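Hello,

Here is the structure I promised to pass on to you. Have a look at it first, and then read on for what turned up in it.

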Amino acid sequence: MLEITKHFKGLSLLLLLTVVSLIPHSESLSGFRRGRQVDGFLGEPSKIATLQRALDVEDLWFEQRLDHFQSDETRTWKQRYFVNDAHYRNDSHAPVFLMIGGEGEATKKWMHEGAWIHYAEHFGALCIQLEHRYYGQSHPTSDLSTSNLVYLSSEQALADLASFVIAMKAKYNLADTQKWIAFGGSYPGSLAAWAREKYPSLIYGAISSSGPLLAQVDFTQYFEVVKASLASYKPDCVEAVQRSFAQVEILLRHMIGQRNLDEKFKTCTPLKDSIENALDISSFFENLAGNFAGVVQYNKDNSPHAKITIDEICDVMLNTTMGPPVTRLGAVNDMLLEQSKSKCLDYKYDKMIANMKNVSWNSETAKGMRQWTYQTCTEFGFYQTSEKKTDTFGDRFGVDFFIRQCMDVFSDRMNSKYLDQAVSKTNKYYGALKPETTNVLYVHGSIDPWHALGLYVSPNAKTPTIYIEGTAHCANMYEPAANDTPQLKEARNKILKYLSKLLDGYASFAKFS
């Protein structure tokens, strides 16, 4: 058996998988923001207790360079990783699977749960999870000041992976014939594909789940997919939502209506105090729209995120016995407040900005939101906007609202021109929706709004895709359940067969169950 020292025994597998997670809530940073749940895009691998498995996983640490691209920068820091060797078959052709951490704390449960563990059982893989720099307990700098965040980028994270793989091959005496396969979901799904693109001599292949490849400042398609996903349950649901938002606009015009909205939506502060503050009102509407976005994005996933379904919120919105659409919208808001354990709806813009400007590692925002916001401001955009009066969710949170946050939290220079240039640079560097990669399988769900920025239709044989009808964000990654849809089960089997092809047919006869 591979000697992984006494500290690692009982752990398992070394997988090149990429994951995402994020922040616990406060009343001003609660719920669903920027397309992410409070504990991240991916979260934990299962919400079903009977599918959860217990296994001790030890924190391990790797000395990493602070800056991989400046030779005169010699500072280093400790990056956290986990190892699981339970299914490792220990020969010169056994694969290595690496889970690449994303914009939140790396989750130990993924070391013994999730679809990738089942793949590891089939292929006898050794699994490792590497936490992303600046997230979780991997702290490259003393705080999260804007000057320190210059070392936070996807490019630096990929270089971390390359350095880590080289070191692990030496540390554990892994043969060059052992293929490393990258897996990841959401932002780490992008990283998995890009790792293969930028470091093909180290990363042999990748399974990229729900990964956006196209950086885009104004992500208008996001709420278009949300609308289509609501309509896939009942078309009348979209009409009811649109009428409810229109009624909110009408009630905002008068003080009595504002008080009515305070009561319906349990606002933390009276709307009358913010009626002249366009940023507060934008934040209010974004929160209400985010209620639907969060439900849609994780609809019926085997994830702890997926507590409320499209069916449930649409049934509320279509229940005329509850009162007019705006009252039903308030009921949906109640459901989401309860889910996030929030007592009231906090929409105050200045409070949000003040929280986001806290640079301490001990702050709530340091659990992921400040860092990820920085990455959106410097690399990706991804701003989920609604900017036309005819849109289902109105016109109150256009792209300027999000660019303003970049400027208020980090720097005045992060204006529209800066964002456009940053996004253009990202797309040029990685290839956007025309990647020059091989051995990468791109997986997306039709319900997931993020598929709009991903590769879900295969342009050629070199870039295969799986598009799963009726599934949401990273659905294929979570722990399988008996009641999974046939199309989800089929997708997992296709992934298994693709891995078999990459790994020279090993266990090609196996079927995912």
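**What was found**

Of the 513 residues in the protein chain, buried residues make up 62%. Please keep in mind that this is a predicted model. The secondary structure of the chain comes to 14 helices and 13 strands. As for contacts between residues at least 6 apart in sequence, 74% of them join residues at least 24 apart.

**The cores**

A good place to begin is the largest nonpolar core, which has 118 residues. Within this core, Tyr81, Leu230, Phe292 and Phe393 touch the most other members. Helix H7, residues 278-297, supplies the largest share of the core, with 10 residues. You may also want to find a second, separate core of 35 residues, which includes Tyr119, Ala120, Ile466 and Met477.

Which residues does Phe292 touch, leaving aside those up to four places away in sequence? They are Val226, Leu230, Val241, Phe245, Ile313, Met317, Leu329, Val332 and Phe393. Two of these names, Leu230 and Phe393, also appear with Phe292 among the residues that touch the most other core members.

**Two helices that cross**

Next, please turn to helix H2 (residues 154-171) and helix H3 (residues 187-198). Their axes come within 10 Å and cross at roughly 65°, and the crossing is right-handed. On the H2 side, Ser154, Leu158 and Leu161 take part in the contact. They meet Tyr187, Leu191, Trp194, Ala195 and Lys198 in H3. By type, the residues of this contact divide into six nonpolar, one polar and one charged.

Helix H2 also holds Gln156. Is Gln156 buried or exposed? Gln156 counts as buried because its relative accessibility is 6%, and the cut-off for buried is under 20%. Not counting residues up to four places away in sequence, Gln156 touches Leu66, Asp67, His68, Phe69, Arg133 and Tyr151. One of these partners, His68, is 88 residues from Gln156 along the chain, yet their C-alpha atoms are separated by 6.6 Å.

**Salt bridges**

How many salt bridges does a search of the whole structure find? The search finds 22. One of them joins Lys108 and Asp59, with the closest N and O atoms 3.1 Å apart. Lys108 lies in the loop between strand S6 (96-100) and helix H1 (115-123), and Asp59 in the loop between strand S3 (36-37) and strand S4 (60-65), so this pair ties together parts that are 49 residues apart in sequence. Lys108 is partly exposed, with a relative accessible area of 31%. Asp59 is partly exposed too, with a relative accessible area of 24%.

Another salt bridge links Asp346 with Lys351, and here the closest N and O atoms are 2.9 Å apart. In this pair, Asp346 counts as buried at 8% relative accessibility, whereas Lys351 is partly exposed at 40%. Salt bridges that share partners also join Asp59, Arg80, Glu105, Lys108 and Glu131 into one network.

You can also look up the salt bridge between the side chains of Asp273 and Lys272, at 3.1 Å from N to O. Lys272 is partly exposed, with a relative accessible area of 43%.

I hope you enjoy exploring the model.

Best wishes

Methods
Residues are numbered from 1 along each chain as its sequence is written. This is a predicted model: local features need pLDDT of at least 70, side-chain atom pairs count only at pLDDT 80 or more; totals for chains, interfaces and linings use all residues. Side-chain values use heavy atoms; hydrogens and water are left out. A nonpolar core is a set of buried Ala, Val, Leu, Ile, Met, Phe, Trp, Tyr and Cys residues joined through side-chain atoms within 4.5 Å. Buried means under 20% relative accessible area, exposed over 50%, partly exposed in between (1.4 Å probe, protein chains only). Helices (H or I, at least four residues) and strands (E, at least two) are DSSP runs, numbered from the N terminus. Contact means heavy atoms within 4.5 Å. Axes are lines fitted to C-alpha atoms, for helices over the stretch in contact, and angles run from 0 to 180 degrees between N-to-C directions. A crossing is left-handed if the near helix is turned anticlockwise from the far one by less than a right angle, and right-handed if clockwise. Ala, Val, Leu, Ile, Met, Phe, Trp, Tyr, Cys and Pro count as nonpolar, Asp, Glu, Lys and Arg as charged, and the others, Gly among them, as polar. A salt bridge is a side-chain nitrogen of Lys or Arg within 4 Å of a carboxyl oxygen of Asp or Glu.
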